[in-house]
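Here are a few short exercises to work through with the structure open beside you. Try each task before you read its solution.

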Amino acid sequence: MKNLSEIVKELKGQDSYREMSEKTKISHNYLRNLVNGYDPRTKAPIQPSVDTLKKLSKAYMYSYTKLLEAAGYIDELEKIELPNDDFTETAKRIAALREEKNLSLSEVAEQLELDEATYSKIEDAKIEPTGMILKKIASLYYVSTDYLLGLTNSKNWHSQIEGSDFVKSFEESSSAQKFVSELTESNIKDLEKLEQLWRVMHEK
């Protein structure tokens, strides 16, 4: 299993420490210490608080449970399945979206490439989904991950850019309308490929 400094370094990616600080609301000096794994003043290993781990989890949609394990708060052998209060609202929203679409647990689990028992635990808030699973769920219901995480009450991701010049020009384009029409019929794998292309286009 990766240690905490390795995980934080991967989450940081190409971001500067200041950019990472803006995302997480954690000081850039402390983030640097987390990546290094120790406090340069005392040479002692860094032991972040659970609040710090929650901020990292929410900012990067990374499993809070895995961060707790890496920080030594949870022993894998002692892990038990209990309702996760931090994830309860997200679990409720995921379950409500499935019910609105009249989908069964097995149907959604198949779309997410999970077994039904595992997906059921997500809706029961007994386990947290990875960032990738959250993105798949958001794509399945055409909502934003911010909505799933309770950061906004707007289900429609497009409401965040509605009325912009970009949207107006997009709506006036016949080729763009055809693209949207085909996009709504795409499966999750196609959407993942589109996201990968978008990331390549915007690499610094």
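**Exercise 1.** Which residues in α2 meet which residues in α3?

*Solution.* Keep in mind that this is a predicted model. Begin with the α2 side, where Tyr17, Arg18, Met20, Ser21 and Thr24 take part. Their partners in α3 are His28, Leu31, Arg32 and Val35. Now sort the contact by class: 4 residues are nonpolar, 3 are polar and 2 are charged.

**Exercise 2.** Work out how helices α2 and α3 are oriented to each other.

*Solution.* First locate the helices: α2 spans residues 17-24 and α3 spans residues 28-36. Their axes come within 8 Å and cross at roughly 105°. Angles of 65 to 115 degrees count as roughly perpendicular, and α2 and α3 are therefore roughly perpendicular to each other.

**Exercise 3.** Repeat the analysis for α6 and α8, and list the residues that make the contact.

*Solution.* Helix α6 covers residues 88-100 and helix α8 covers residues 116-123. The two axes come within 7 Å, with a crossing angle of roughly 120°. That angle makes α6 oblique to α8. On the α6 side, the contact is made by Ala91, Ile94, Ala95 and Arg98; α8 brings in Tyr119, Ile122 and Glu123. By class, this contact of α6 with α8 has 5 nonpolar and 2 charged residues, and no polar ones.

**Exercise 4.** Find the buried side of helix α1 and say what it packs against.

*Solution.* Take residues 4-12, which form α1, and pick out the buried ones: Leu4, Ser5, Ile7, Val8, Leu11 and Lys12. They cover an arc of only 160° around the axis, so they lie on the same side of α1. The spacing makes sense: an α-helix has 3.6 residues a turn, so residues three or four places apart point the same way. Next, look at the face turned away from the buried side, which carries the exposed residues Lys9 and Glu10. Finally, trace the neighbours: the buried residues of α1 pack against α2, α3, α4 (50-60) and α5. As you leave the helix, note Gly13 just after α1, with a positive phi of about 55°.

**Exercise 5.** Is Gly72 buried or exposed?

*Solution.* Place Gly72 first: this residue sits in the loop between α5 (64-70) and α6. Its relative accessible area is 61%. The cut-off for exposed is over 50%, so Gly72 is exposed. As a last step, look across to Gln47, 25 residues apart from Gly72 along the chain: the C-alpha atoms of the pair are separated by 8.7 Å.

Methods. Residues are numbered from 1 along each chain as its sequence is written. This is a predicted model: local features need pLDDT of at least 70, side-chain atom pairs count only at pLDDT 80 or more; totals for chains, interfaces and linings use all residues. Side-chain values use heavy atoms; hydrogens and water are left out. Axes are lines fitted to C-alpha atoms, for helices over the stretch in contact, and angles run from 0 to 180 degrees between N-to-C directions. Helices (H or I, at least four residues) and strands (E, at least two) are DSSP runs, numbered from the N terminus. Angles under 35 degrees count as roughly parallel, over 145 as roughly antiparallel, 65 to 115 as roughly perpendicular and the rest as oblique. Contact means heavy atoms within 4.5 Å. Ala, Val, Leu, Ile, Met, Phe, Trp, Tyr, Cys and Pro count as nonpolar, Asp, Glu, Lys and Arg as charged, and the others, Gly among them, as polar. Buried means under 20% relative accessible area, exposed over 50%, partly exposed in between (1.4 Å probe, protein chains only). The arc is that of the directions from the helix axis to the C-beta atoms.
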